[in-house]
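User: Please take a close look at a single part of this model, the second of its assigned domains, and describe its fold together with what adjoins it. A connected account with explicit cut-offs would be appreciated.

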Amino acid sequence: MTGAERAAGGPERREAREKVAGRARYAAEYRPEGRLHGRPVPAVVARGRIASVDVSRALAVRGVVAVLTHENAPRLAAPQDPTLAVLRDDRVPHRGWYVALVVAETPEDAREGAAAVEVVYETEEHDVVLRPDHPGLYTPEEAYGGYPAVRERGDPGAALAAAPVLVEADYRLGALHNHPMEPHAATAEWRDGGLTLHDSTQGGNAVREVLAGMFGVHRRQVTVVAEHVGGGFGSKGTARPHAVLAAMAALHTGRPVTVALPRRDLAAVVGHRAPTLHRVRLGAGPDGVLTAVEHEVVTRTSRVREFVEQAAVPARVMYGCAHSRTAHRVVALDVPTPSWMRAPGEAPGMYALESAMDELASATGVDPVELRLRNDTDREPDSGRPFSSRGLAACLREGARRFGWEGRDPRPGVRRAGGVLTGTGVASATYPVLAAPSRASARAEPDGGFRVAVNATDIGTGARTVLAQIAAEALGVPPESVRMEIGSTALPAAPLAGGSAGTASWGWAVHRACTRLAERLAGAGGRVPPEGMAEDADTRGEADAEVPWARHAFGAVFAEVRADAVTGEVRLARLLGVFAAGRILNARTARAQFTGGMVMGAGMALTERSSIDVRFGDFTERDLAAYHVPVSADVPDVRAYWIEEEDPHLNPMGSKGIGEIGITGAPAAIGNALHHALGARLREPPFTPDKVL
Ligand code: MOS
């Protein structure tokens, strides 16, 4: 490590120079000979059928090579994921659904061609509005993640009725969009019956399975490469329509094709966080100790595929109490299909639960940090299993110390200077510890170097850097002697970068392969034979084994806000998080994950909003000019710390996931700080001036 690296707490990203020099290539930047460009045509009605398509004007546009529609597109096998069933039939299940693809010599030609495709629709009445009393609401079999939709323990109804203190509150969260820096893109090329796809994805192995199935070829004939990916936040966690369209168009034209989605298309075709309506009821004694927790969530999905944001699930994890009910209901509407967005479930669920905890603190007069400490537990309330480790209390205490919480005046609405009101707030954070089986290989080269391979995906997190560290530690060599190969299905198969499980899953296999190689090398007196020496690892049966512990990361987030009573503007003055996430493997990249999540949570609280246009049935905010992701000026002081946590029940590295927990505490911490500032409780983020005034 250089001095600067030591100061930052970890090696810098291996691809950092390539990226800042513009040499790192992303999916749309591969330029195979004869490459064409595909531009999809989104439907402009919210529900109906294609009555007719006229492509003659589009075909007359200079440079246009082909126009694919449901009438002439290659016939593929039906995908398991119905959001990928593009250009198969005349059905339009929501506005923005793709109805054609124009393929042309340049992106400009394709765009002009797409504008010239004439589609006549038969429209049907559409319904895109989620209401808490929607007659179509039903209880699904499961919420996302395989969680039971409804869980009940004890007698929550009676416990709530008997509770000396009752907090009952409704919170409403609108839809949100992932908006990664790099919009979704793929470059497809068929050669000798095999497909090579450069895709902007969080997991190439899953994309390979999907495409092999749809195109009826063996998985060995499909190679998916994702060398560099400009973010995903869940929206690239599964194969998306652009990949299918690129492969389809390349097959149809016999030439390589790039499909790079315009950002304004993303809102409808790559998923979003569904809106959620929350009713939280907390029963407690006068001392703030909980007797009952009830969290009911109403959400909506599309008519294409059921996805139920599991927002009541964190209430099954957080606080000890004997009586609880957590439930989800959902309705299918004529909207784009929701999907994963950073901490699906935990992000909206913890907003509601941690806001209600703040309301309980107000109702009982117990300090919000102390209230959470009083309700701490060493067993997961819902399952009764002991936590493998639970650092919540330590995070709350350490956060309070670093933030300067002590001596805080609890009275809301009293800190006014000029027209500006100031307040501070706190919220807990949590995210489950997940891992999936992975393979990896490690090879000792005769020149003294090591080659370590796994199809991990680096979506901007620093995955290849951290994996090289894990390999080097297991091998007992400096990281510089490890050549890390990731980002292709030609490498050992691996799960996606998602569920905050990438490093744990890939690192587990890397660690195993490298440990075995180190042992064999030691046995051989450290001598590498001329042909090299290799070890493969596969963590199936271990990384996915059932364990008797509840495994979660925890954290505490503190916020200070200033609200302008004249303009209604809320400025975030400080955001400070302390996390307990096992062993931190690289302080530099971990800090970026934590603070990145917290900033995304600040967006959820203050600026980000995707509203549905009721008449047209699609999202109104479709670009970064309208969908306000926080910029640096919005987050002047964001700090992340962690406590040292030793947990032997995780994986060989002792790490918990860190990609998602950062977003889970920040929104409620900011909302609670805003209540402390204003003296009024707002329950519908984002807290924009119109709501504050
Ligand atoms: Mo993340 S929403 O698990 O990619």
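Analyst: **Domain 2 and its surroundings**

Proline 686 sits in the loop that connects α15 (661–678) with α16 (689–692); helices (H or I, at least four residues) and strands (E, at least two) are DSSP runs, numbered from the N terminus. The peptide bond between proline 685 and proline 686 is cis, with omega about -5°. The model is predicted, and local features are therefore described where pLDDT is at least 70, side-chain atom pairs count only at pLDDT 80 or more, and totals for chains, interfaces and linings use all residues. Residue numbers start from 1 along each chain as its sequence is written.

The protein is divided into domain 1 (27–125 + 181–231 + 236–269), domain 2 (335–433 + 548–692) and domain 3 (436–538), with bounds that come from an automatic or database domain assignment. Between the centres of domain 1 and domain 2, taken over C-alpha atoms, the distance is 38 Å. The contact between these two domains draws 11 residues from domain 1 and 11 residues from domain 2; two residues are in contact if their C-beta atoms, placed from the backbone, lie within 7 Å.

Alanine 343 belongs to the loop between β17 (323–333) and α9 (346–364). Although alanine 343 is not a glycine, its phi is positive, at about 55°. The position counts as buried because 29 other C-beta atoms lie within 10 Å of that of alanine 343. The classes are buried for 20 or more other C-beta atoms within 10 Å, exposed for 12 or fewer, and partly exposed in between, with C-beta atoms placed from the backbone.

Next comes the sheet of this part. An open sheet of 5 strands follows the order β18-β19-β24-β25-β28, and its pairing is mixed. At its edges stand β18 (416–417) and β28 (638–642), each of which pairs on one side only. Two strands are taken to pair if DSSP finds at least two bridges between them. Strand β19 (residues 420–432) is antiparallel to strand β24 (residues 552–564), and 13 bridges join them. Within this pair, alanine 429 faces glycine 555 of β24.

Helices pack on this sheet. Helix α14 (residues 587–606) lies across β24, β25 (570–580) and β28, and runs at about 140° to β25. Helix α15 touches β19, β24 and β25, and its direction makes about 155° with that of β19. Such angles run from 0 to 180 degrees between N-to-C directions, and the axes are lines fitted to C-alpha atoms, for helices over the stretch in contact.

Domain 3 occupies residues 436–538, and a sheet in this stretch offers a useful companion view. This open sheet has 4 strands in the order β22-β21-β20-β23, again described as mixed in pairing. Its edge strands are β22 (482–485) and β23 (533–538), each pairing on one side only. From one strand to the next, the twist averages 15°. Strand β20 (residues 439–444) and β23 run antiparallel and are joined by 6 bridges. Alanine 444 is placed opposite methionine 533 in β23. Helix α12 (residues 463–475) packs on this sheet through β20, β21 (450–453) and β22, with its direction making about 135° with that of β22. Helix α13 (residues 502–523) likewise packs on the sheet, touching β20, β21 and β23, and the angle between its direction and that of β23 is about 145°.

Finally, the nonpolar interior. In soluble globular proteins, nonpolar side chains tend to be buried together. The largest nonpolar core here contains 215 residues, and those with the most contacts inside it are Val102, Leu467 and Ala471. A nonpolar core is a set of buried Ala, Val, Leu, Ile, Met, Phe, Trp, Tyr and Cys residues joined through C-beta atoms within 7 Å. Leaving aside residues up to four places away in sequence, the contacts of valine 102 include Gly38, Arg39, Val41, Ala58 and Val64, and also Val67, Ala110, Gly113, Ala114 and Val117.
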